Amino acid sequence: MSLGQQLHPHLPFLRRYARALTGSQIHGDAYVRATLEAIVAAPEEFPRDVDPRLGLYKTFHAIWSSSHLEDGPVLTGADGQEAIAQARLARLTPLPRQALLLTALEGFTVDDVGYLVALDPADVEALVEEALSEIEAQTRAKVLIIEDEPIIAMDIETIVRDLGHEVTAIAVTREDAVREAMAERPGLVLADIQLADDSSGIDAVKDILAEFSVPVIFITAFPERLLTGERPEPTFLITKPFQRSTVKAAISQALFFDEATAPAE
């Protein structure tokens, strides 16, 4: 099997990670492209002594760490979301955020992350705790949950409240979701895709976003279906069945780029 064939299944998830790290689909995809270009230009330098996914992320980090936002905007066309990211990044160093995303969102072990960022596993664990504490201190929000499975909805509600946020409502249909969102505008939406009356959480989110801007985290058993690269994609996806740590990380990162909780200059 060629190197390209080995790396291909991991690219949608690297793109997800890159977008979460940068807060932008455009910027995240640009870093992924730069990573692939580096591999094509010098395939002999690709790490061959580790799993291909680890090697791919290792190469990505080499690209990102040499040109990330703390060194100044490298990519053009920064929008309001990028400005928010830069304000937050001025208060939070890169390593804690990388450790949080790599462990909680991407599912790497602390040993794997240690390899990716050249640190001991104990240091990685400390970075994750630091990131969660710092980001949670910066962000508080009202959250609308769109989920028709009662047990899952209760689990998500507990996670949201444990993070210090307020749950405005739990909606089980598209109509319920839009009504609740209009009644009390949330600062974050957690949305399942398939709802109780066979309506779509995607359509519910579109209806809500037509009225006001709000960060959204989609929940689905098939994230690859929303990571096609053929249309604007959600930055944050959670795969069912999910880990509580994954939900916490996604909530923290979604609010990290939200204008409503942006830190004062």
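What follows is a short dialogue on reading helix packing, burial and backbone geometry in one predicted model.

Q: Before we start, what sort of model is this, and how are the residues numbered?
A: The model is predicted, so local features need pLDDT of at least 70 and side-chain atom pairs count only at pLDDT 80 or more, while totals for chains, interfaces and linings use all residues. Residues are numbered from 1 along each chain as its sequence is written, and side-chain values use heavy atoms, with hydrogens and water left out.

Q: How many helices and strands does the protein have?
A: Helices (H or I, at least four residues) and strands (E, at least two) are DSSP runs, numbered from the N terminus. Here there are 12 helices and five strands.

Q: What share of the residues counts as buried?
A: Buried means under 20% relative accessible area, exposed means over 50%, and partly exposed is in between (1.4 Å probe, protein chains only). In this protein, 52% of the 265 residues count as buried.

Q: And what about contacts over long stretches of sequence?
A: Contact means heavy atoms within 4.5 Å. Among the contacts in the protein with a separation of 6 or more, 71% are between residues 24 or more positions apart.

Q: How do I read a helix pair, say α4 and α6?
A: Two packed helices are described by the angle between their axes and the distance between the axes. The axes are lines fitted to C-alpha atoms, for helices over the stretch in contact, and angles run from 0 to 180 degrees between N-to-C directions. Helix α4 (residues 52-65) packs with helix α6 (residues 94-105) at about 155 degrees, the axes being 14 Å apart. Angles under 35 degrees count as roughly parallel, over 145 as roughly antiparallel, 65 to 115 as roughly perpendicular and the rest as oblique. So α4 and α6 are roughly antiparallel to each other.

Q: Is the crossing of α4 and α6 left-handed or right-handed?
A: A crossing is left-handed if the near helix is turned anticlockwise from the far one by less than a right angle, and right-handed if clockwise. The α4 and α6 crossing is right-handed.

Q: Which residues meet there?
A: From α4 you have Y57, H61 and W64, and they meet P94, Q98 and L102 of α6. By class, that contact has four nonpolar, two polar and no charged residues. (Ala, Val, Leu, Ile, Met, Phe, Trp, Tyr, Cys and Pro count as nonpolar, Asp, Glu, Lys and Arg as charged, and the others, Gly among them, as polar.)

Q: What does α4 do with α7?
A: With helix α7 (residues 110-117), α4 packs at about 40 degrees, and the axes are 9 Å apart. That makes the pair oblique. This crossing is right-handed. L54, Y57, K58 and H61 in α4 meet D112, Y115 and L116 in α7, and the residues of this contact divide into four nonpolar, one polar and two charged.

Q: Is R97 buried or exposed?
A: R97 sits in helix α6. Its relative accessibility is 1%, so R97 counts as buried. A polar atom of the R97 side chain lies 3.2 Å from the backbone oxygen of L21.

Q: What surrounds I238?
A: I238 lies in strand β5 (residues 236-239) and is buried, with a relative accessible area of 1%. Not counting residues up to four places away in sequence, I238 touches I217, F218, I219, T220, T246, V247 and A250. I238 and F218 are 20 residues apart in sequence but 6.2 Å apart in space, C-alpha to C-alpha.

Q: Which backbone features should I look up?
A: Most residues other than glycine have a negative phi, and most peptide bonds are trans. The peptide bond from K240 to P241 is cis, with omega near -10 degrees, and P241 is in the loop between β5 and α12 (244-256). A118 has a positive phi, near 60 degrees; A118 is in the loop between α7 and α8 (121-138) and counts as exposed at 62% relative accessibility. D198 also has a positive phi, near 65 degrees, in the loop between β3 (188-192) and α11 (201-209), and D198 is exposed at 65%.

How values were computed: Polar contact = N/O pair within 3.5 Å; in protein donor to acceptor, adjacent residues only side chain to side chain.
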